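This report describes the domains, pockets, cavities, sheet and backbone geometry of one protein chain. The sequence and the structure are shown first.

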Amino acid sequence: MTTSSTPTADVGAFTIAAWPGCTPRLLREDAEDGASYVADGGYQPLTDPEALLAEVDRSGLLGRGGAGFPLAVKLASVRDRALRGRDAVVVANGEEGEPASIKDRWLLRHRPHLVLDGLRLAAQIAGASRAYVYVSDPAAARSVEDALAEVAAESLGGLTISVFTVDPGYVAGEETAAVRAINGGPAKPTDKPPRPYQRGVAQRPTLVSNVETLANLPYLQRHGATAFRSAGTGASPGTFLATVTGGGRAPVLYELPHGVAITELLDVHGIPAEQVRGLLMGGYFAGLLNRDGLEATLDHETLRAGGSGLGCGAMTVLTDDCPVAVAASVLAYFGRENAGQCGSCFNGTVAMAAVAEALRDGVATAEDLARLQRWAGVLPGRGACGTLDGATTVAASLLTRFRDVVADHLAGSCDTCRGGAYRAERPYAIEELTA
């Protein structure tokens with residue numbers, strides 16, 4: 001699990017890498033099949049679901065899909081309703097909406113049994129007899145189907161698992177969108193409440209959990225909460241998968257302990273900190289950081305305190321790219337990919353993208369920027385999902401953290417963009433997996 005030191009523009013080629021001194025729990029180089037997974041201790045019978053739930057609670061395992069919500073709380077909420085006679089459903093959410101993230105597709109393609117084992121354990125804890133693996137990547141769907149064919153029925157404890165495939169989309173991975181799609185509707189978010197744990201698939205209490213989150217459950221079953229907490233920080237325990245792109249280098253999927261300093265990651269990744277202009281955090285969702293962000297560590301508590309976030313664990317390094325041009329591309333993506341259901345989101349993302357593109361192209365006015373600043377302040381929380389919040393975070397972080405660059409663009413004097421501004425339909429997307 002080593003990374004190449006040769007820069008490349010081919011964002012489809014990537015490598016995987018364990019962190020020095022940290023034994024990987026999720027990444028592995030050799031192929032996984034059913035026999036080898038069982039030989040390594042997989043699909044161990046679960047005799048006491050309540051005890052495992054308590055162990056998950058002690059572990060502090062947070063969701064790896066973006067929000068960082070405690071898995072034990074979600075499991076307990078669904079389990080409570082199942083114990084009242086309402087058969088539950090569990091959904092492994094592998095619809096990786098963030099184009100700059102590859103962790104979920106990699107797990108589904110390379111470690112499908114680990115994901116299925118985690119799904120099985122979550123279902124037994126929650127009291128579910130029905131489960132789905134929800135994906136948009138055809139290769140991931142085939143991998144899971146092949147893995148299901150290798151698993152003996154008794155290994156799954158009576159759980160019925162189906163693979164549910166949807167068309168890819170930024171909003172398709174939102175938990176209510178997953179429920180809506182499985183129920184026969186479009187893969188678009190719905191208003192909350194009800195939340196899936198209250199009424200989800202087939203009107204049953206439903207746990208929707210990211211595949212990386214579920215992939216941590218077999219480790220917890222075998223080793224326990226104390227071992228799980230041996231990596232990471234007190235508030236962000238364990239390891240996580242981080243997709244690192246940008247900076248003129250090939251993307252790398254790392255398994256990191258929470259709490260690693262950004263500067264330390266950049267050093268291992270081979271990008272000198274002095275060359276870094278900024279960072280795009282959490283895929284597209286957690287906004288931009290300037291060079292002050294280099295002092296941060298990669299954990300939920302530190303990044304939230306700094307007004308950003310870890311999100312899905314994807315981080316893009318900006319070296320030669322202008323932050324204004326990057327923000328314009330990201331906002332334009334949000335403008336195209338919103339669900340088209342909420343007027344505030346549909347109109348707000350498009351309007352913010354138009355101002356950012358005008359700023360990039362040197363034709364924005366001070367009045368345009370005042371409107372963008374106002375929208376970034378009043379629009380958060382107005383959509384059915386997080387798309388609008390992600391867009392406003394990008395806009396606000398650009399205006400507050402890159403004031404000098406914004407001023408240069410307003411004056412038409414950005415040296416970086418004179419040679420051709422950054423433009424991308426799906427900024428820093430990793431389209432094909434080659435590792």
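How many cavities of 30 Å³ or more does the structure hold? The structure, which is a predicted model, holds two of them.

## Cavities

The largest cavity has a volume of about 80 Å³. Its lining includes a run of residues from Asn-338 through Ala-339, Gly-340 and Gln-341 to Cys-342. Cys-345 and Phe-346 also line this cavity, together with Gly-383, Ala-384, Cys-385 and Thr-387. Pro-189 completes the lining. By class, seven of these residues are nonpolar and five are polar, while no charged residue takes part.

The second largest cavity encloses about 50 Å³ of space. Among its lining residues are Gly-63, Arg-64, Lys-103 and Glu-212, as well as Phe-240 and Leu-241. Two histidines, His-258 and His-300, belong to the lining too, and so do Leu-310, Gly-311, Cys-312 and Gly-313. Here the division by class is four nonpolar, five polar and three charged residues.

## Domain organisation

The protein chain is divided into domain 1, spanning 25–228, and domain 2, spanning 323–434. Their C-alpha centres lie 33 Å apart. Contact between the two involves 17 residues of domain 1 and 16 residues of domain 2.

## The largest pocket

Where does the largest pocket lie with respect to the two domains? Domain 1 and domain 2 both contribute residues to its lining, so the largest pocket lies between them. Its volume is about 1300 Å³. The lining comprises 50 residues, and those closest to the centre of the pocket are Gly-65, Gly-66, Ala-67, Glu-174 and Glu-175.

Several elements supply at least two residues each to this lining: helix H3 (71–83), helix H4 (103–110), strand S5 (206–210), helix H11 (300–305) and helix H15 (387–401). By class, the lining of the largest pocket has 16 nonpolar, 22 polar and twelve charged residues.

## The second largest pocket

The second largest pocket has a volume of about 350 Å³. It is lined by 21 residues, and Glu-96, Arg-105, Ser-136, Pro-168 and Arg-426 lie nearest its centre. Two elements, H4 and helix H12 (323–337), give two or more residues to this lining. Helix H4 is also among the elements that supply at least two residues to the lining of the largest pocket.

The second largest pocket likewise receives lining residues from both domain 1 and domain 2, so it lies between them. Its lining is made up of seven nonpolar, four polar and ten charged residues.

## The parallel sheet

Four strands form an open sheet in the order S4-S3-S2-S5, with parallel pairing. Strand S4 (160–165) and S5 stand at the edges with a single partner strand each, so one side of each is left without a neighbour in the sheet. From one strand to the next, the twist averages 20°.

Within this sheet, strand S2 (residues 88–93) and strand S3 (residues 128–135) run parallel and are joined by six bridges. Val-90 has Ala-131 as its bridge partner in S3. Helix H3 lies across S2 and S5 and runs at about 160° to S5. Both H3 and S5 are listed among the contributors to the lining of the largest pocket.

## Backbone geometry

Which peptide bonds are cis in the loop that holds Pro-193? The bond from Lys-192 to Pro-193 is cis, with omega near 5°, and the bond from Pro-193 to Pro-194 is also cis, with omega near 0°. Pro-193 lies in the loop between helix H7 (175–182) and S5, and Pro-194 is placed in that loop as well.

Tyr-43 has a positive phi of about 55° although it is not a glycine. This residue is found in the loop between helix H1 (34–39) and helix H2 (49–59).

Key
Residues are numbered from 1 along each chain as its sequence is written. This is a predicted model: local features need pLDDT of at least 70, side-chain atom pairs count only at pLDDT 80 or more; totals for chains, interfaces and linings use all residues. Side-chain values use heavy atoms; hydrogens and water are left out. On a 1 Å grid over the protein atoms alone, a cavity is a set of points where a 1.4 Å probe fits but cannot get out, and a pocket is an open set with protein on both sides within 12 Å along at least five of seven lines; lining residues have an atom within 4 Å of a point. Grid points are joined across faces, edges and corners, and a volume is the space filled by probe spheres set on the points. Ala, Val, Leu, Ile, Met, Phe, Trp, Tyr, Cys and Pro count as nonpolar, Asp, Glu, Lys and Arg as charged, and the others, Gly among them, as polar. Domain bounds come from an automatic or database domain assignment. Two strands pair if DSSP finds at least two bridges between them. Axes are lines fitted to C-alpha atoms, for helices over the stretch in contact, and angles run from 0 to 180 degrees between N-to-C directions. Contact means heavy atoms within 4.5 Å.
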